[in-house]
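Student: Hey, got a minute to go through this structure with me? I'd like to start with a few single residues and then look at the bigger picture.

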Amino acid sequence: MKKFFLLLFAVIITVGTMAQQESSENNATKSPYKLEKGSVTTELNFSPFGIISNIDNESLSFGSFTMPALRLRYAFSNKLALRANIGLDFGHNKINENLDNISDEYYYKRVTTGKNIGKSNYTEFSFAPGIEYHFGKWERLSLYVGGELFLGFKITQSTADLNKKVLVYEKNGYDGLFYLNQEITTISTIKTKNCSYSCDSWGCYYDQTGIMFFGINALTGFDVYIYKGLYLGAEISLGYVHSWALKSSVKGNSFSETKTYNQTIKTETPIDEIFDDKIVEGRLAFKCNPMIRLGWRF
């Protein structure tokens with residue numbers, strides 16, 4: 001994968017260099033390429049290989065497919081340009097889990113049947129105004145450095161419907177056969193907002209997943225104009241991110257029925273919890289976004 005990105009980078013640089021060699025040095029009119037005073041550009045940033053970053057992990061790793069931003073730029077001189085990124089990322093996931101399982105021990109046998117059906121989605125929005133300084137004497141290749149401020153939020157939602165039955169068989173010491181000892185039925189419906197929520201035999205656990213964030217980036221990149229106003233490019237950045245968790249909630253209902261011999265115990269538990277832990281985090285983050293920046297200069 002690293003070789004692929006190095007090759008892609010080399011191809012773009014080669015194209016820009018060849019295009020420059022083909023350009024006319026005697027052309028004194030306004031160049032159809034690059035930014036000039038009064039130029040406006042708009043572009044879409046596609047990231048088919050995700051974003052390589054250390055924001056969420058200690059080591060660099062690839063993210064999922066993203067199409068993070070629409071970028072607008074306005075050049076108020078031949079070298080300086082204002083920019084604004086408007087980012088929108090969203091996704092969803094569905095779960096249709098079959099819980100059928102048999103656990104066979106020496107004295108006990110547990111037969112589990114049921115379904116766990118759920119879905120989750122997230123929406124992330126960001127806005128990042130900034131400035132770029134362009135340099136280089138090539139006609140179709142423009143290098144730049146700059147900086148930007150950014151702020152945004154990520155909100156999540158999920159639903160889960162659980163219908164599970166567990167039959168517990170106990171081994172008889174006289175004949176060595178297994179007899180039904182206990183039947184446990186569990187039915188629950190849960191909705192979460194800005195929170196992941198799971199339960200096991202030890203208890204229930206949550207994690208606040210909704211966040212607000214802001215920060216600052218130092219960045220560098222390049223544009224390669226392939227035909228008049230049409231260009232491609234890439235960018236990397238180093239910045240500081242400050243984030244804090246949003247208030248989250250879990251609502252729903254859980255019903256259980258336990259049958260043992262001649263006794264039946266039924267319990268119904270409403271779930272209505274709010275989590276507002278003051279989780280605040282600041283971190284220095286390097287991002288290498290091997291994106292396809294496709295833009296047009298007006």
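Student: Is S142 buried or exposed?

Tutor: Keep in mind that this is a predicted model. S142 counts as buried, because its relative accessibility is 3% and the cut-off for buried is under 20%.

Student: Where does S142 sit, and what does its side chain make a polar contact with?

Tutor: S142 belongs to strand 7. Its side chain makes a polar contact of 2.6 Å with the side chain of H134.

Student: Which other residues does S142 touch?

Tutor: Setting aside neighbours within four places in sequence, the contacts of S142 include K34, F135, G221, F222 and D223. There's also a long-range pair to look at: Y225 is 83 residues from S142 along the chain, yet their C-alpha atoms are separated by 8.4 Å.

Student: What does strand 7 pair with over 14 bridges?

Tutor: That's strand 11, residues 211-227, and the pairing is antiparallel. For a landmark, find L141, which stands opposite V224 in strand 11.

Student: And which strand is joined to strand 11 by 16 bridges?

Tutor: Strand 12, residues 230-245, also running antiparallel to strand 11. I211 stands opposite A245 there. Strands 11 and 12 form a hairpin with two residues between them, and K228 in the turn has a positive phi of about 50 degrees.

Student: Switching topic: where is E132 found, and is it buried or exposed?

Tutor: E132 is in strand 6, which covers residues 108-135. It's buried, since its relative accessible area is 1%.

Student: A Glu in there! Which side chain does E132 join in a polar contact?

Tutor: R83, at 2.8 Å. Not counting residues up to four places away in sequence, E132 also touches several others, among them R71, R73, K79 and Y144.

Student: OK, pockets. How much space lies in the second largest one?

Tutor: About 1100 Å³. The second largest pocket is lined by 38 residues, and the closest to its centre are L162, S188, I190, S198 and C199.

Student: Which strand gives the largest share of that lining?

Tutor: Strand 7 again, with nine residues. Other strands that each supply at least two residues include strand 4, strand 6, strand 8 and strand 14.

Student: How does the lining split by class?

Tutor: The second largest pocket has 19 polar, 14 nonpolar and five charged residues in its lining.

Methods:
Residues numbered from 1 in each chain as written. Predicted model: local features only at pLDDT ≥ 70, side-chain atom pairs only at ≥ 80, totals over all residues. Heavy atoms only, no water. Helix = DSSP H or I, 4+ residues; strand = E, 2+ residues; numbered from the N terminus. Buried < 20%, exposed > 50% of the residue type's maximum accessible area, 1.4 Å probe, protein only. Polar contact = N/O pair within 3.5 Å; in protein donor to acceptor, adjacent residues only side chain to side chain. Contact = heavy atoms within 4.5 Å. 1 Å grid on protein atoms, 1.4 Å probe; cavity = no way out; pocket = protein on both sides within 12 Å on 5 of 7 lines; lining within 4 Å. Points joined across faces, edges and corners; volume = space filled by probe spheres on them. Nonpolar A, V, L, I, M, F, W, Y, C, P; charged D, E, K, R; others polar. Pairing = 2+ DSSP bridges.
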